[in-house]
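Me: I am new to this structure and would love a close look at one part of it, the nonpolar core. Could you walk me through it and show how it sits in the rest of the protein?

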Amino acid sequence: VKTEEINTTVASLRLDCIIAEGFRLSRETAKAAVEKQIVQLNHRIIGTPSQNVKENDVISLRGKGKIILESVSGESKKGRIWVKILRYI
């Protein structure tokens, strides 16, 4: 299985933030996708964009693919959270 590694920072560990970074979407588009219920978190459909995500959670977005939040490393100087996301290609 081929994966792409994405190292980035996010404002919080909300589901819509992680989807936006992992699939390279705007946060508003990610929020709309969650509200349309086309997002699965650990193989369960989620309808709330404010759902918190933790390490090793699997997120799938219908039509876009699947990502895994591999690790949460800490905070930057500005208070953003460093994350490592694996995206299946």
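Reply:

**The nonpolar core**

Happy to help! In this predicted model, the largest nonpolar core holds 21 residues, and those touching the most other members are Leu15, Ile18, Ile19, Val39, Val53, Ile59 and Ile85. Many parts of the chain feed into this core: at least two residues each come from strand 1 (3-10), helix 1 (15-22), helix 2 (27-35), strand 2 (39-41), strand 4 (58-61), strand 5 (65-75) and strand 6 (81-88). The biggest giver is helix 1, which supplies four residues.

Let's pause at one of those well-connected members, Val53. Leaving aside residues up to four places away in sequence, Val53 touches Leu13, Arg14, Leu15, Ile18, Leu41, Ile59 and Leu69. Three of these partners, Leu15, Ile18 and Ile59, are themselves among the core residues that touch the most other members.

Now let's step back to see the whole protein around the core. There are two helices and six strands, and from the N terminus on they follow the order β-α-α-β-β-β-β-β. The radius of gyration is 12 Å, close to the 12 Å that the globule rule gives for 89 residues, so the protein is as compact as a globular protein of that length. Along the principal axes, the C-alpha atoms fill a box of roughly 35 × 30 × 20 Å.

How much of the protein is buried? Of its 89 residues, 37% count as buried. If you look at contacts between residues at least 6 apart in sequence, 43% of them join residues at least 24 apart.

The outside deserves a glance too. The accessible surface comes to about 5,400 Å², and carbon and sulfur atoms account for 46% of that. The protein also carries 16 positive and 10 negative charges, whose mean positions lie 4 Å apart.

Finally, here is a residue to compare with the core: Leu25, in the loop between helix 1 and helix 2. Its relative accessibility is 22%, so Leu25 counts as partly exposed; to be buried, a residue must be under 20%. Even so, Leu25 has partners: leaving out residues up to four places away in sequence, Leu25 touches Ile19, Ala20, Leu61 and Lys64. One of these, Ile19, is also among the core residues with the most contacts to other members. For a sense of distance, Leu25 and Asn52 are 27 residues apart in sequence, and their C-alpha atoms are 18 Å apart in space.

How values were computed:
Residues are numbered from 1 along each chain as its sequence is written. This is a predicted model: local features need pLDDT of at least 70, side-chain atom pairs count only at pLDDT 80 or more; totals for chains, interfaces and linings use all residues. Side-chain values use heavy atoms; hydrogens and water are left out. The radius of gyration is taken over C-alpha atoms; the globule rule is 2.2 Å times the number of residues to the power 0.38. Buried means under 20% relative accessible area, exposed over 50%, partly exposed in between (1.4 Å probe, protein chains only). Contact means heavy atoms within 4.5 Å. Accessible areas come from the Shrake-Rupley method with a 1.4 Å probe; for residues, only the protein chains shown count as cover. Lys and Arg count as positive and Asp and Glu as negative; His and the chain ends are not counted. The place of a charge is taken as NZ of Lys, CZ of Arg, CG of Asp or CD of Glu. A nonpolar core is a set of buried Ala, Val, Leu, Ile, Met, Phe, Trp, Tyr and Cys residues joined through side-chain atoms within 4.5 Å.
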